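I opened this notebook to record what I looked up in one protein structure. The entries go from the whole chain to single residues.

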Amino acid sequence: MANFYVIIVTYNAMKWAERCFTSLRKSNIPVQTIVIDNGSTDGTQDYIKITFPEVDFIQSSENLGFGKANNIGIEKAYKEGADFFYLMNQDAWIFPDSMEKLLEVYHHYPNKEQIGILSPMHLDGSEKKLDSHFENYLGKYAKTNRLISDLFLKQLSKWYEIDFVNAAHWLLPKSTIETVGGFNPFYFHYGEDYDYLNRVVYNKKKVIICPDSLVVHDTKQHKVFQSPEAAYKEKWLSLRLQKQTEFMNPAFEFDPIKIKKQLLWDFYKFALKGYTKERIEQREMNKYFLPRLQEIHEHRQKIINSSHPFLNI
(Lines give C-alpha, C1' and ligand atoms only; values in the text may rest on other atoms or scores of the structure.)
Protein backbone atom coordinates (compact mmCIF):
# COMPACT_ATOMS: atom_id res chain seq x y z
CA MET A 1 0.00 0.00 0.00
CA ALA A 2 1.20 3.52 -0.84
CA ASN A 3 2.57 5.70 1.96
CA PHE A 4 0.09 8.56 2.39
CA TYR A 5 1.23 11.53 4.49
CA VAL A 6 -0.92 14.43 5.64
CA ILE A 7 0.94 17.65 6.47
CA ILE A 8 -0.74 20.37 8.54
CA VAL A 9 0.69 23.70 9.70
CA THR A 10 -0.96 24.88 12.91
CA TYR A 11 -1.20 28.26 14.60
CA ASN A 12 -3.82 28.56 17.36
CA ALA A 13 -5.86 25.71 15.91
CA MET A 14 -7.99 24.75 18.91
CA LYS A 15 -11.23 25.82 17.24
CA TRP A 16 -10.84 23.08 14.62
CA ALA A 17 -8.37 20.56 16.06
CA GLU A 18 -10.89 17.96 17.26
CA ARG A 19 -12.76 17.77 13.94
CA CYS A 20 -9.60 18.03 11.85
CA PHE A 21 -7.60 15.23 13.46
CA THR A 22 -10.55 12.97 14.28
CA SER A 23 -11.50 13.03 10.60
CA LEU A 24 -8.02 11.80 9.68
CA ARG A 25 -8.39 8.88 12.08
CA LYS A 26 -11.56 7.85 10.24
CA SER A 27 -10.05 7.93 6.75
CA ASN A 28 -10.62 4.76 4.69
CA ILE A 29 -7.05 5.22 3.49
CA PRO A 30 -4.61 4.97 6.42
CA VAL A 31 -2.65 8.21 6.73
CA GLN A 32 0.39 9.33 8.65
CA THR A 33 0.12 12.90 9.91
CA ILE A 34 2.86 15.45 10.44
CA VAL A 35 2.06 18.72 12.23
CA ILE A 36 4.35 21.74 12.23
CA ASP A 37 3.25 24.25 14.85
CA ASN A 38 4.16 27.88 14.26
CA GLY A 39 4.05 28.95 17.89
CA SER A 40 0.46 28.51 19.04
CA THR A 41 -0.53 30.21 22.30
CA ASP A 42 -3.96 28.62 22.80
CA GLY A 43 -2.94 25.14 23.95
CA THR A 44 -2.92 23.56 20.47
CA GLN A 45 0.37 21.78 21.11
CA ASP A 46 -0.62 19.92 24.27
CA TYR A 47 -4.08 19.09 22.94
CA ILE A 48 -2.69 17.42 19.81
CA LYS A 49 0.09 15.59 21.66
CA ILE A 50 -2.27 14.20 24.32
CA THR A 51 -5.42 13.57 22.28
CA PHE A 52 -3.78 12.46 19.03
CA PRO A 53 -0.52 10.75 20.02
CA GLU A 54 -0.25 9.17 16.56
CA VAL A 55 0.54 12.60 15.11
CA ASP A 56 4.21 13.32 14.43
CA PHE A 57 4.39 16.74 16.09
CA ILE A 58 7.12 19.28 15.27
CA GLN A 59 7.35 22.50 17.27
CA SER A 60 8.91 25.41 15.42
CA SER A 61 10.86 27.85 17.57
CA GLU A 62 9.37 30.73 15.57
CA ASN A 63 6.49 31.50 13.24
CA LEU A 64 7.91 30.38 9.90
CA GLY A 65 4.85 31.21 7.86
CA PHE A 66 2.80 28.79 5.79
CA GLY A 67 5.31 27.83 3.11
CA LYS A 68 8.46 27.27 5.16
CA ALA A 69 6.58 25.24 7.75
CA ASN A 70 5.02 23.05 5.08
CA ASN A 71 8.45 22.48 3.56
CA ILE A 72 9.65 21.02 6.87
CA GLY A 73 6.79 18.53 6.81
CA ILE A 74 7.32 17.70 3.14
CA GLU A 75 11.03 17.02 3.70
CA LYS A 76 10.32 14.74 6.66
CA ALA A 77 7.61 12.82 4.81
CA TYR A 78 9.81 12.41 1.75
CA LYS A 79 12.71 11.03 3.80
CA GLU A 80 10.30 8.57 5.43
CA GLY A 81 9.23 7.25 2.03
CA ALA A 82 6.01 9.12 1.30
CA ASP A 83 4.34 8.38 -2.04
CA PHE A 84 1.63 11.03 -1.62
CA PHE A 85 1.72 14.35 0.25
CA TYR A 86 -1.61 15.78 1.33
CA LEU A 87 -1.34 19.42 2.39
CA MET A 88 -4.29 20.41 4.55
CA ASN A 89 -5.23 23.58 6.41
CA GLN A 90 -5.85 23.51 10.14
CA ASP A 91 -9.41 24.84 9.61
CA ALA A 92 -10.33 21.82 7.52
CA TRP A 93 -11.43 18.21 7.77
CA ILE A 94 -12.17 15.27 5.52
CA PHE A 95 -14.75 12.50 5.15
CA PRO A 96 -13.88 8.79 5.37
CA ASP A 97 -13.77 8.34 1.59
CA SER A 98 -12.17 11.70 0.64
CA MET A 99 -8.65 10.33 0.17
CA GLU A 100 -9.93 7.11 -1.40
CA LYS A 101 -11.77 9.04 -4.11
CA LEU A 102 -8.69 11.14 -4.88
CA LEU A 103 -6.53 8.05 -5.27
CA GLU A 104 -9.12 6.49 -7.58
CA VAL A 105 -8.68 9.44 -9.94
CA TYR A 106 -4.90 9.21 -9.66
CA HIS A 107 -4.86 5.51 -10.54
CA HIS A 108 -7.28 5.88 -13.46
CA TYR A 109 -5.76 9.03 -14.95
CA PRO A 110 -4.24 8.17 -18.35
CA ASN A 111 -0.90 9.95 -17.81
CA LYS A 112 0.10 10.11 -14.15
CA GLU A 113 3.27 12.10 -14.86
CA GLN A 114 1.06 15.00 -15.96
CA ILE A 115 -0.61 15.22 -12.55
CA GLY A 116 0.74 18.10 -10.52
CA ILE A 117 -2.00 18.58 -7.93
CA LEU A 118 -5.22 16.72 -7.21
CA SER A 119 -7.91 18.67 -5.40
CA PRO A 120 -11.19 17.52 -3.86
CA MET A 121 -14.32 19.67 -3.83
CA HIS A 122 -14.29 22.13 -0.90
CA LEU A 123 -17.44 22.48 1.19
CA ASP A 124 -17.87 25.27 3.72
CA GLY A 125 -18.10 24.66 7.46
CA SER A 126 -21.82 23.86 7.25
CA GLU A 127 -21.03 20.88 4.99
CA LYS A 128 -24.12 21.88 2.98
CA LYS A 129 -22.65 24.30 0.43
CA LEU A 130 -19.47 24.77 -1.51
CA ASP A 131 -16.88 27.02 0.04
CA SER A 132 -17.58 30.35 -1.66
CA HIS A 133 -13.91 30.89 -2.55
CA PHE A 134 -13.70 27.44 -4.13
CA GLU A 135 -16.97 28.06 -5.96
CA ASN A 136 -15.44 31.23 -7.37
CA TYR A 137 -12.54 29.23 -8.83
CA LEU A 138 -14.97 26.79 -10.42
CA GLY A 139 -16.96 29.59 -11.99
CA LYS A 140 -13.88 31.43 -13.24
CA TYR A 141 -12.58 28.45 -15.20
CA ALA A 142 -15.86 26.71 -16.05
CA LYS A 143 -15.91 28.12 -19.58
CA THR A 144 -12.92 25.94 -20.43
CA ASN A 145 -13.60 22.77 -18.42
CA ARG A 146 -17.46 22.86 -18.61
CA LEU A 147 -17.80 21.56 -15.06
CA ILE A 148 -20.84 23.69 -14.22
CA SER A 149 -22.62 22.56 -17.38
CA ASP A 150 -21.94 18.92 -16.51
CA LEU A 151 -23.10 19.49 -12.93
CA PHE A 152 -26.39 20.98 -14.13
CA LEU A 153 -26.98 18.16 -16.61
CA LYS A 154 -25.92 15.47 -14.11
CA GLN A 155 -23.21 14.08 -16.37
CA LEU A 156 -20.11 14.64 -14.28
CA SER A 157 -16.74 13.33 -15.31
CA LYS A 158 -14.36 11.85 -12.75
CA TRP A 159 -11.94 14.76 -13.11
CA TYR A 160 -11.57 18.24 -14.58
CA GLU A 161 -8.59 20.46 -15.22
CA ILE A 162 -8.54 23.84 -13.51
CA ASP A 163 -6.03 26.71 -13.49
CA PHE A 164 -6.11 27.46 -9.77
CA VAL A 165 -7.33 26.08 -6.46
CA ASN A 166 -6.10 27.27 -3.09
CA ALA A 167 -3.87 25.07 -0.94
CA ALA A 168 -6.39 24.19 1.79
CA HIS A 169 -6.55 20.64 0.41
CA TRP A 170 -3.84 19.59 -2.05
CA LEU A 171 -2.75 16.06 -2.92
CA LEU A 172 0.75 16.07 -4.39
CA PRO A 173 2.18 12.88 -5.88
CA LYS A 174 5.85 12.20 -5.18
CA SER A 175 6.75 13.17 -8.75
CA THR A 176 5.42 16.69 -8.14
CA ILE A 177 7.60 17.11 -5.06
CA GLU A 178 10.65 15.87 -6.96
CA THR A 179 10.02 18.13 -9.96
CA VAL A 180 8.32 21.28 -8.67
CA GLY A 181 9.87 21.25 -5.17
CA GLY A 182 8.53 23.00 -2.09
CA PHE A 183 6.99 26.36 -1.35
CA ASN A 184 8.94 29.50 -2.14
CA PRO A 185 10.16 30.96 1.20
CA PHE A 186 9.96 34.46 -0.27
CA TYR A 187 6.27 34.34 0.69
CA PHE A 188 5.43 34.39 4.39
CA HIS A 189 1.66 34.09 4.18
CA TYR A 190 -0.62 34.50 1.15
CA GLY A 191 0.52 34.08 -2.42
CA GLU A 192 2.41 30.81 -1.87
CA ASP A 193 -0.24 28.78 -3.66
CA TYR A 194 -0.35 31.09 -6.70
CA ASP A 195 3.43 30.88 -6.92
CA TYR A 196 3.38 27.08 -6.66
CA LEU A 197 0.67 26.74 -9.30
CA ASN A 198 2.75 28.83 -11.71
CA ARG A 199 5.63 26.41 -11.19
CA VAL A 200 3.37 23.37 -11.65
CA VAL A 201 2.27 24.74 -15.04
CA TYR A 202 5.87 25.72 -15.92
CA ASN A 203 6.84 22.07 -15.40
CA LYS A 204 4.04 20.99 -17.75
CA LYS A 205 1.93 19.45 -15.03
CA LYS A 206 -1.79 19.86 -14.42
CA VAL A 207 -4.11 20.85 -11.60
CA ILE A 208 -7.07 18.49 -11.44
CA ILE A 209 -10.24 18.62 -9.36
CA CYS A 210 -12.11 15.45 -8.46
CA PRO A 211 -15.90 15.94 -8.09
CA ASP A 212 -16.46 12.66 -6.21
CA SER A 213 -14.11 13.64 -3.39
CA LEU A 214 -15.60 16.03 -0.83
CA VAL A 215 -13.79 17.81 2.02
CA VAL A 216 -14.46 20.79 4.27
CA HIS A 217 -12.67 24.14 4.54
CA ASP A 218 -14.18 26.17 7.36
CA THR A 219 -12.91 29.55 6.24
CA LYS A 220 -14.72 32.89 6.24
CA GLN A 221 -17.31 32.94 3.46
CA HIS A 222 -18.08 36.65 3.27
CA LYS A 223 -16.15 39.81 3.89
CA VAL A 224 -17.10 41.78 6.95
CA PHE A 225 -17.39 45.55 6.86
CA GLN A 226 -14.02 47.20 6.38
CA SER A 227 -12.92 50.70 7.15
CA PRO A 228 -11.59 52.68 4.17
CA GLU A 229 -8.08 52.26 5.61
CA ALA A 230 -8.44 48.47 5.90
CA ALA A 231 -9.96 48.22 2.42
CA TYR A 232 -7.08 50.23 0.96
CA LYS A 233 -4.54 48.03 2.74
CA GLU A 234 -6.19 44.88 1.42
CA LYS A 235 -6.24 46.30 -2.10
CA TRP A 236 -2.57 47.23 -1.85
CA LEU A 237 -1.62 43.77 -0.61
CA SER A 238 -3.57 42.19 -3.45
CA LEU A 239 -1.83 44.36 -6.05
CA ARG A 240 1.54 43.60 -4.50
CA LEU A 241 0.95 39.85 -4.47
CA GLN A 242 -0.23 39.94 -8.05
CA LYS A 243 2.94 41.71 -9.15
CA GLN A 244 5.08 39.51 -6.92
CA THR A 245 3.77 36.25 -8.38
CA GLU A 246 4.15 37.70 -11.87
CA PHE A 247 7.80 38.53 -11.27
CA MET A 248 8.49 35.16 -9.64
CA ASN A 249 6.78 33.14 -12.39
CA PRO A 250 9.54 31.25 -14.22
CA ALA A 251 7.59 31.65 -17.46
CA PHE A 252 7.88 35.45 -17.09
CA GLU A 253 10.91 37.13 -18.65
CA PHE A 254 12.65 38.83 -15.74
CA ASP A 255 15.60 41.20 -16.02
CA PRO A 256 16.18 43.14 -12.76
CA ILE A 257 17.60 46.15 -14.59
CA LYS A 258 14.71 46.37 -17.04
CA ILE A 259 12.15 45.82 -14.30
CA LYS A 260 13.70 48.60 -12.21
CA LYS A 261 13.52 51.00 -15.15
CA GLN A 262 9.90 50.06 -15.80
CA LEU A 263 8.87 50.54 -12.18
CA LEU A 264 10.49 53.98 -12.07
CA TRP A 265 9.02 54.97 -15.43
CA ASP A 266 5.52 53.98 -14.29
CA PHE A 267 5.88 56.24 -11.26
CA TYR A 268 7.07 59.26 -13.28
CA LYS A 269 4.42 58.64 -15.94
CA PHE A 270 1.61 58.86 -13.38
CA ALA A 271 3.23 61.92 -11.81
CA LEU A 272 3.54 63.73 -15.15
CA LYS A 273 -0.08 62.96 -16.05
CA GLY A 274 -1.32 64.12 -12.67
CA TYR A 275 -2.77 60.74 -11.69
CA THR A 276 -2.40 61.20 -7.94
CA LYS A 277 -3.99 57.92 -6.82
CA GLU A 278 -1.99 55.83 -9.29
CA ARG A 279 1.21 57.72 -8.45
CA ILE A 280 0.83 56.98 -4.73
CA GLU A 281 0.10 53.30 -5.40
CA GLN A 282 3.12 53.05 -7.71
CA ARG A 283 5.31 54.79 -5.14
CA GLU A 284 4.36 52.13 -2.58
CA MET A 285 4.94 49.41 -5.16
CA ASN A 286 8.42 50.76 -5.91
CA LYS A 287 9.24 51.12 -2.23
CA TYR A 288 8.53 47.43 -1.77
CA PHE A 289 10.01 45.96 -4.95
CA LEU A 290 13.09 48.01 -5.79
CA PRO A 291 15.12 46.73 -2.79
CA ARG A 292 13.96 43.15 -3.48
CA LEU A 293 14.60 42.73 -7.21
CA GLN A 294 17.91 40.95 -6.69
CA GLU A 295 16.38 38.61 -4.11
CA ILE A 296 13.55 37.79 -6.52
CA HIS A 297 16.13 37.10 -9.22
CA GLU A 298 17.98 34.68 -6.93
CA HIS A 299 14.77 32.83 -6.04
CA ARG A 300 13.90 32.57 -9.73
CA GLN A 301 17.28 31.00 -10.45
CA LYS A 302 16.58 28.32 -7.84
CA ILE A 303 13.15 27.67 -9.35
CA ILE A 304 14.53 27.33 -12.86
CA ASN A 305 17.82 25.55 -12.19
CA SER A 306 17.29 23.39 -9.07
CA SER A 307 15.98 19.84 -9.34
CA HIS A 308 13.60 20.29 -6.38
CA PRO A 309 13.62 23.97 -5.39
CA PHE A 310 13.47 24.97 -1.69
CA LEU A 311 13.61 21.40 -0.42
CA ASN A 312 16.49 19.49 1.18
CA ILE A 313 15.70 16.02 -0.15
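The entries below record what I looked up, in order.

**Entry 1: the whole chain**

I noted at the start that this is a predicted model. I then looked up the secondary structure and found 12 helices and 9 strands in the protein chain. Next I asked how the radius of gyration of the protein chain compares with the globule rule. The radius is 21 Å, and the rule gives 20 Å for 313 residues, so the chain is as compact as a globular protein of that length. I also recorded the span of the C-alpha trace along its principal axes, which is about 65 × 50 × 45 Å.

**Entry 2: burial, contacts and charge**

I looked up what share of the 313 residues is buried, and the value is 49%. The protein chain exposes about 16,000 Å², and carbon and sulfur atoms supply 53% of that area. I then turned to contacts between residues at least 6 apart in sequence; 77% of these join residues at least 24 apart. For charge, I found 40 positive and 39 negative charges, and their mean positions are 6 Å apart.

**Entry 3: the nonpolar cores**

I wrote down a general point before this search: in soluble globular proteins, nonpolar side chains tend to be buried together. The largest nonpolar core in this model has 36 residues. Those with the most contacts inside this core are F85, I117, W170, L172 and Y196. A second, separate core has 31 residues, including L24, L103, V105 and Y109.

I chose W170 for a closer look and asked which residues W170 touches beyond four places away in sequence. Among them are F85, I117 and Y196, which are also listed with W170 in the largest core. W170 also touches Y86, L87, L118, V165, F183, D193 and L197.

**Entry 4: helix 8**

Two of the residues touched by W170, D193 and Y196, led me to helix 8, which covers residues 192-202. Which residues of helix 8 are buried? They are E192, D193, D195, Y196, L197, R199 and V200. I noted that charged residue types such as E192 and R199 are on this list beside L197 and V200. Just after helix 8, K204 takes a positive phi of about 60°.

**Entry 5: F66 and N166**

I found F66 in helix 3, residues 65-79. Is F66 buried or exposed? Its relative accessibility is 16%, and the limit for buried is under 20%, so F66 counts as buried. F66 touches V9, N89, A167, F183, F188, H189 and E192, leaving aside residues up to four places away in sequence. For F66 and F183 I also looked up the separation: they are 117 residues apart along the chain, with their C-alpha atoms 8.6 Å apart. F183 also appears among the residues that W170 touches.

N166 is in the loop between strand 7 and strand 8. Although it lies in a loop, N166 is buried, with a relative accessible area of 11%. Beyond four places in sequence, N166 touches H122, Y137, D193 and H217. D193 is thus touched by N166, and D193 is also touched by W170.

**Entry 6: T10 and N12**

T10 is in strand 1, residues 4-10. At 1% relative accessibility, T10 counts as buried. The residues T10 touches beyond four places in sequence are V35, I36, D37, N38, S40, T44, I48 and Q90.

N12 lies in the loop between strand 1 and helix 1. N12 is not a glycine, yet N12 has a positive phi of about 55°. N12 has a relative accessibility of 24% and counts as partly exposed.

**Entry 7: K154**

I looked up K154 for its backbone angle as well. Its phi is near 55°, a positive value in a residue other than glycine. K154 lies in the loop between helix 6 and strand 7. Buried or exposed? At 75% relative accessibility, K154 counts as exposed.

**Entry 8: Y288**

My last entry concerns Y288 in helix 11, residues 276-289. Y288 is buried, with a relative accessible area of 14%. Y288 touches F186, W236, R240 and Q244, not counting residues up to four places away in sequence. I also looked up Y288 and K76, which are 212 residues apart along the chain; their C-alpha atoms are separated by 34 Å.

Key: Residues are numbered from 1 along each chain as its sequence is written. This is a predicted model: local features need pLDDT of at least 70, side-chain atom pairs count only at pLDDT 80 or more; totals for chains, interfaces and linings use all residues. Side-chain values use heavy atoms; hydrogens and water are left out. Helices (H or I, at least four residues) and strands (E, at least two) are DSSP runs, numbered from the N terminus. The radius of gyration is taken over C-alpha atoms; the globule rule is 2.2 Å times the number of residues to the power 0.38. Buried means under 20% relative accessible area, exposed over 50%, partly exposed in between (1.4 Å probe, protein chains only). Contact means heavy atoms within 4.5 Å. Accessible areas come from the Shrake-Rupley method with a 1.4 Å probe; for residues, only the protein chains shown count as cover. The place of a charge is taken as NZ of Lys, CZ of Arg, CG of Asp or CD of Glu. A nonpolar core is a set of buried Ala, Val, Leu, Ile, Met, Phe, Trp, Tyr and Cys residues joined through side-chain atoms within 4.5 Å.
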